[in-house]
Amino acid sequence: MDIDVSDINNKRVLVRVDYNVAIKDGRVAEPKRIDATMPTLKVLLDGNAKVILISHLGRPKGKKEPKYSMRPVVAALEASLRSHKVAFGKVVFCDEAFASPGLRATVAALGPKDILLCENLRYDAGEEADDPALARNLAALADIFVQDAFGAMHRAHASTDALPKMMKSVFGLLVTRELDVLGRLLREPKAPFVAVLGGVKVSDKIGAIDNLLKAGADKVLIGGAMSYTFLAAQGHTCGRSLVQKDWIEPVKKLLSVKGVADKIVLCEDHVGIEGALDASGAVPKGAVAVPVAGASIPAAICALDIGPKTITRFVAEIEKANTIFWNGPMGLMEVAPFDRGSIAVAQAVAQRTKEGAKSVLGGGDTIYAVSKAGLKEDSFTHVSTGGGATIEFIEGKVLPGVRAVAGTPSAIS
Ligand code: ADP
Ligand code: MG
């Protein structure tokens, strides 16, 4: 973080964090995203700043819906500060609007090392609309802005775009690390570089596959439902499995680029169910897992995971890698036994990391698959805090939230 500590003494520092956490029975169910901001908060509080935190939570769409209130975050924030041994004054919460005199008075009453947590940014429709009026109200609260919400930086919202363009802005430590690790992954991967992509939608990930190949990926292993669109592009039948028909042609085009087909590794076998998923996308009650021996999927079958031969092939590629990027589960891993492929990949990546490879993971469901495999996040070199932001960065896009801070005249990234 490019902040001169003498610069923040007694100053008001506005920090955009990603506290978009799950709330259960009025409590924060998982404090990981709060914990992830502790390095930045420690620097600011040790420097005697007055810290003002802003975040979104859920999708209230400009309405004050109580279930999306940031209030439950206060207790989790205090617990996280204590467990990370970060010295702080008091934590106050203010549910008043960003333009209100009440909020300004609360800010004026803050002392050094105090923290103010503001109410949900998305209670104000101006946040998602990238409204300069909201940004001006936010900017008026503080002397310096710190962008530490990596998971929100692929969106051009008031707190990620308009605001940093208006005031002295720097990246926080969480964002600095994300940009550094993901940037180096694309710029200087140590060969062999293996990427593992999964999940449902080819449309979400084809740009990432393309850019990973450009960045020098030696192999791209494709599992999950998106692999069926690739198989369909190669002329295989996919039965009742999820296929994005509109994306068969773009996939064919990608596969026809010289050298690409040799680098992309697809499923050689599958595990599925007889019949289709139900209307909500869930596995119907009583469905049993059936193996599919080859790449082509019979008409009656809906494939839900990579099969044992594919697991062996994917693990063999991971075992050779010095750099690994993984995003997207290999199957419908929420339901056993369709979690086997994802668990096998998680274990192989963790093992290879132990042997010295660099591994970078991203995606909410990918992180869930890691926990299902019984692995801790420190089994990997870097677990990204972004979902969409991580994928868009890997696609080679300049994130709006990066451009806005980097473009601030007084900011040095
Ligand atoms: P991430 O959150 O890690 O970026 P995605 O959201 O792209 O991952 O994809 C995860 C979802 O993909 C999971 O909900 C998983 O159940 C689903 N999925 C993966 N493979 C299949 C499959 N073969 N059939 C149905 N759903 C699948
Ligand atoms: Mg997901």
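**An exposed lysine and the fold around it**

Lys85 is exposed, with a relative accessible area of 70%, so it sits well past the 50% cut-off for that label. In this predicted model, Lys85 belongs to the loop that runs between helix 4 (73–83) and strand 5 (91–94). Its backbone is a bit out of the ordinary too: phi is positive, about 55°, although Lys85 is not a glycine. Asp130 does much the same thing, with a positive phi near 55° in a residue other than glycine. That aspartate is found in another loop, the one between strand 6 (115–118) and helix 6 (132–139). Most residues other than glycine have a negative phi, and most peptide bonds are trans.

The peptide bonds have their own oddities. From Ala191 to Pro192 the bond is cis, with omega near -10°, and Pro192 sits in the loop between helix 8 (173–187) and strand 9 (193–197). A cis bond also joins Ala336 and Pro337, this time with omega about 5°. Pro337 is in the loop that links strand 15 and helix 14 (340–354).

Strand 15 (residues 323–327) includes Thr323. Thr323 is buried, because its relative accessible area is just 2% and the cut-off is under 20%. So what is Thr323 in contact with, leaving aside its neighbours within four places in sequence? The partners are Leu185, Pro189, Lys190, Pro192, Phe193, Val194 and Lys358. Pro192, in that list, is the proline of the cis bond from Ala191.

Helix 9 (residues 202–214) makes a handy check on geometry: at 1.5 Å a residue, its 13 residues should span 18 Å, and the end C-alpha atoms are indeed 18 Å apart. Its buried residues are Val202, Lys205, Ile206, Ala208, Ile209, Asn211, Leu212 and Leu213. After helix 9 comes Gly216, with a positive phi near 105°.

Zooming out, the chain holds 17 helices and 17 strands. For 413 residues, a compact globule would have a radius of gyration near 22 Å, and the chain agrees with that at 23 Å. Its C-alpha atoms fill a box of roughly 70 × 45 × 40 Å along the principal axes. Buried residues account for 54% of the chain. Among contacts between residues at least 6 apart in sequence, 78% join residues at least 24 apart. About 17,300 Å² is exposed, with 53% of it supplied by carbon and sulfur atoms. As for charge, there are 51 positive and 46 negative side chains, and the centres of the two sets lie 1 Å apart.

Definitions and conventions
Residues are numbered from 1 along each chain as its sequence is written. Chains are lettered from A and ligands numbered from 1 in the order in which they are written. This is a predicted model: local features need pLDDT of at least 70, side-chain atom pairs count only at pLDDT 80 or more; totals for chains, interfaces and linings use all residues. Side-chain values use heavy atoms; hydrogens and water are left out. Helices (H or I, at least four residues) and strands (E, at least two) are DSSP runs, numbered from the N terminus. The radius of gyration is taken over C-alpha atoms; the globule rule is 2.2 Å times the number of residues to the power 0.38. Buried means under 20% relative accessible area, exposed over 50%, partly exposed in between (1.4 Å probe, protein chains only). Contact means heavy atoms within 4.5 Å. Accessible areas come from the Shrake-Rupley method with a 1.4 Å probe; for residues, only the protein chains shown count as cover. Lys and Arg count as positive and Asp and Glu as negative; His and the chain ends are not counted. The place of a charge is taken as NZ of Lys, CZ of Arg, CG of Asp or CD of Glu. The expected span of a helix is 1.5 Å times one less than its number of residues.
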